[in-house]
Amino acid sequence: MSRMTSIIRKTNVQCEGHAHISRSISCSHPPALDPIRALVAVTASSSVFTITDKTPESTPCSEASSHDVQYEFVTESNCAFKNKTTVTTTHCLCAIVRAVATTNPELCLYTMRSSTIERWVDDMLTAGLVDAAYATTDGTGKEKEQKEAVEQFASNVEEQLDKSKYLVGRTVTAADVVVSVVLAEAARRTGVVLGERTTALVDFILNNPTVRGALLDGASALDTIGE
């Protein structure tokens with residue numbers, strides 16, 4: 001897992017002693033919030049997280065800034081017995097997925113194999129799939145490199161689905177939701193044709209009514225898959 005998963009900034013602000021907590025998620029490229037919107041929807045946590053299109057305010061660590069797409073997760077919390085508000089900021093996608101997926105553990109989208117779930121999300125980010133799916137590449141010369149990265153990651157997904165129906169065991173987890181949304185868009189933009197099992201998983205996730213309702217255009221990424 002990348003080191004940036006542990007990068008958290010905390011600040012304390014004096015305030016009156018009343019209980020309060022808020023959680024907001026933003027991104028430098030608003031369309032890249034789609035996998036988070038889908039996960040928030042399927043975890044029934046829309047009342048817990050505020051997803052905003054505003055540009056992240058703080059600067060991520062150098063490792064995180066190597067990616068074009070930047071996420072920011074800000075939590076403001078105040079204990080009723082303390083006269084201060086603690087503001088916690090992280091730019092780690094895994095931390096965001098973990099926070100959302102564990103909001104309602106009864107839904108079992110974040111299983112005991114949490115390290116495997118996070119590995120899929122982290123590998124997806126490290127491979128550059130989020131950038132390939134949502135960042136503009138015109139004139140950057142990255143098109144070939146990104147297509148190769150998407151092909152390799154898609155191959156890894158197909159290999160795993162040869163062994164199990166889903167990415168982490170027998171049931172859908174947060175990994176299936178996030179990876180499917182991002183991989184579908186990355187494949188659409190790069191022209192990569194996904195394998196049979198991968199296409200089936202992506203189709204299953206994106207055609208779920210809850211996921212469809214959460215996305216700005218839930219079916220768009222399916223238009224070219226399998227062609």
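This is a short tour of salt bridges in a predicted model. The structure holds six of them. The stops below cover some of these.

**Stop 1: D34 and R37**

Select D34 and R37. Their side chains meet in a salt bridge, at 3.9 Å from N to O. Now show the backbone around them. Both residues sit in helix α1, which spans residues 34-42. They are three residues apart, so about one helical turn separates them. Add a surface if you like: D34 and R37 are both buried.

**Stop 2: R37 and D53**

Keep R37 and add D53. These two form another salt bridge, with their closest N and O atoms 3.1 Å apart. This pair links distant parts of the chain, 16 residues apart. R37 is in helix α1, while D53 lies in the loop between β3 (50-51) and β4 (71-78). Is each partner buried or partly exposed? R37 has a relative accessible area of 19%, under the 20% cut-off, so R37 is buried. D53, at 47%, is partly exposed.

Now select D34, R37 and D53 together. The three are linked in a network of salt bridges.

**Stop 3: R98 and E118**

Move on to R98 and E118. Their closest N and O atoms are 2.6 Å apart, in a salt bridge. Which helices does this pair link? R98 belongs to helix α2 (residues 93-101), and E118 to helix α3 (residues 114-126). The two residues are 20 apart and join distant parts of the chain. Color by accessibility here. E118 is buried, with a relative accessible area of 8%. R98 is partly exposed, at 31%.

Notes. Residues are numbered from 1 along each chain as its sequence is written. This is a predicted model: local features need pLDDT of at least 70, side-chain atom pairs count only at pLDDT 80 or more; totals for chains, interfaces and linings use all residues. Side-chain values use heavy atoms; hydrogens and water are left out. A salt bridge is a side-chain nitrogen of Lys or Arg within 4 Å of a carboxyl oxygen of Asp or Glu. Helices (H or I, at least four residues) and strands (E, at least two) are DSSP runs, numbered from the N terminus. Buried means under 20% relative accessible area, exposed over 50%, partly exposed in between (1.4 Å probe, protein chains only).
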